[in-house]
Amino acid sequence: MTTVYLNGEFVALEEARVPVMDRGFLFGDGVYEVIPVYGRQPFRLRQHLARLQSSLDGIRLANPHSAVEWENLIGQIIERAEWRDQGVYLQITRGPGPRDHAFPKTVQPTVFILPMPLGSPSSEAIENGVSAMTATDNRWLRCDLKVTSLLPNVLLRQLSIDADCAETVLIRDGQLIEGSASSVFIVLDGILLAPPESNLMLPGITYDVVLELAASEGMRHEIRPIPETELRRAEEVWITSSTREVIAVTRLDGQVVGSGRPGPVFRQMYACYQTFKRTVMRGNTAP
Ligand code: PDD
């Protein structure tokens with residue numbers, strides 16, 4: 001049985017109910033986070049809660065809980081779940097109200113926390129890489145907010161599912177932005193390149209981990225705009241996210257990327273990431 005948290009109570013998932021007039025249902029008026037948990041230890045929780053705060057500020061919704069309260073609620077969800085490794089999904093909506101675009105006079109936010117099995121990438125995906133396709137980024141101009149109104153991302157992601165690809169890589173005005181549900185890195189002339197954070201992309205927590213590891217390992221890296229032309233001639237392309245960690249893209253739009261195998265920079269980063277995770281889980285370093 002999966003236990004979820006809904007508005008002050010821990011209940012069985014099957015029992016959890018939200019009113020149909022909830023603005024999350026009517027307008028997608030809410031924000032969310034996905035926090036990876038390894039061995040029942042949340043990974044980068046402080047950073048996820050900080051991003052949650054930015055998303056709430058961005059949609060002008062007061063945070064219903066302090067950081068300590070969130071840590072406590074998330075901790076309880078993790079303990080009650082059946083999996084040691086999990087992805088904790090949490091969502092806050094502007095709650096129920098009349099079907100009117102204007103914010104309700106009194107807001108009673110809906111708070112929902114759901115544990116999910118962590119869909120870590122298969123060993124086949126890590127060993128051989130995955131296929132991806134590109135598409136024009138047709139989302140709004142606040143992609144830095146992690147909002148539940150994900151219809152553009154859903155439609156963009158479905159394009160790659162239909163094409164039997166693992167991700168849709170988004171291009172806006174000739175620049176690489178991110179994936180439909182991931183951040184994207186490339187390796188060009190041996191240098192790891194990351195697009196700069198802006199209102200057009202989500203500030204990925206895994207993106208930050210990867211850049212921190214690149215710095216601590218002395219890997220050559222740069223944060224700068226990446227034209228589509230560079231994406232197309234990259235030696236390596238990676239996607240990163242809390243659930244997929246780091247995966248190499250070995251085919252892009254049907255073309256082989258680099259050697260067609262996960263490259264040496266990817267292998268180095270993948271190994272660092274796994275070591276870092278294990279160190280964090282042993283409590284030897286700040287998560
Ligand atoms: N998605 N960009 C987008 C559009 C995303 O949806 C995600 C994550 C990322 C990577 O962010 P992070 O490293 O913090 O997970 C980048 C989550 C996993 C999701 O929507 O399920």
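A polar contact here is a pair of N or O atoms within 3.5 Å. Keep that in mind as we look at how the ligand is held in this predicted model.

**Around the ligand**

The ligand is surrounded by 20 residues, and the closest are Y32, R51, E178, T206 and S242. Three of the polar pairs are set out below.

| Residue | Atom of the residue | Atom of the ligand | Distance |
|---|---|---|---|
| R51 | polar side-chain atom | oxygen | 2.8 Å |
| S182 | backbone N or O atom | nitrogen | 3.4 Å |
| I205 | backbone N or O atom | oxygen | 2.8 Å |

On its own the ligand has 480 Å² of accessible area, and the protein covers 89% of that.

**Helix 2**

R51, which we have just met at the ligand, is also one of the buried residues of helix 2. The others are L45, Q47, H48, L49, L52, S55 and L56. What lies over these buried residues? The cover includes strand 3 (30-38), strand 4 (41-42), helix 3 (67-80), strand 5 (86-93) and helix 6.

Helix 2 runs over residues 45-58, which is 14 residues. At 1.5 Å a residue it should span 20 Å, and its end C-alpha atoms are indeed 20 Å apart, so the two values agree. After the helix comes R60, with a positive phi near 60 degrees.

**Two nonpolar cores**

In soluble globular proteins, nonpolar side chains tend to be buried together. In this model, the largest nonpolar core has 29 residues, and F185, L192, W238 and M269 have the most contacts inside it. At least two residues of this core come from each of strand 10 (183-188), strand 11 (191-194), helix 6 (205-216), strand 14 (245-252) and helix 8 (264-281). Helix 8 gives the most, with 8 residues.

M269 offers a good place to start exploring. Leaving aside residues up to four places away in sequence, M269 touches L192, V210, L213, A214, M219, W238 and V246.

There is also a second, separate core of 22 residues, and Y5, I35, L56 and L61 are among them. You may recognise L56 from the list of buried residues in helix 2.

**A look at A135**

Our last stop is A135, which sits in strand 7 (residues 130-136). Is A135 buried or exposed? Its relative accessible area is 12%, and the cut-off for a buried residue is under 20%, so A135 is buried. Not counting residues up to four places away in sequence, A135 is in touch with L156, L159, T168, V169, L170 and I171. V169 is 34 residues from A135 in sequence, yet their C-alpha atoms are 6.3 Å apart in space.

How values were computed:
Residues are numbered from 1 along each chain as its sequence is written. This is a predicted model: local features need pLDDT of at least 70, side-chain atom pairs count only at pLDDT 80 or more; totals for chains, interfaces and linings use all residues. Side-chain values use heavy atoms; hydrogens and water are left out. Helices (H or I, at least four residues) and strands (E, at least two) are DSSP runs, numbered from the N terminus. Buried means under 20% relative accessible area, exposed over 50%, partly exposed in between (1.4 Å probe, protein chains only). Contact means heavy atoms within 4.5 Å. A nonpolar core is a set of buried Ala, Val, Leu, Ile, Met, Phe, Trp, Tyr and Cys residues joined through side-chain atoms within 4.5 Å. A residue is near a molecule or strand if one of its heavy atoms lies within 4 Å of it. A polar contact is a pair of N or O atoms within 3.5 Å; within protein, one must be able to donate a hydrogen and the other to accept it, and residues adjacent in sequence count only if both atoms are side-chain atoms. Accessible areas come from the Shrake-Rupley method with a 1.4 Å probe; for residues, only the protein chains shown count as cover. The expected span of a helix is 1.5 Å times one less than its number of residues.
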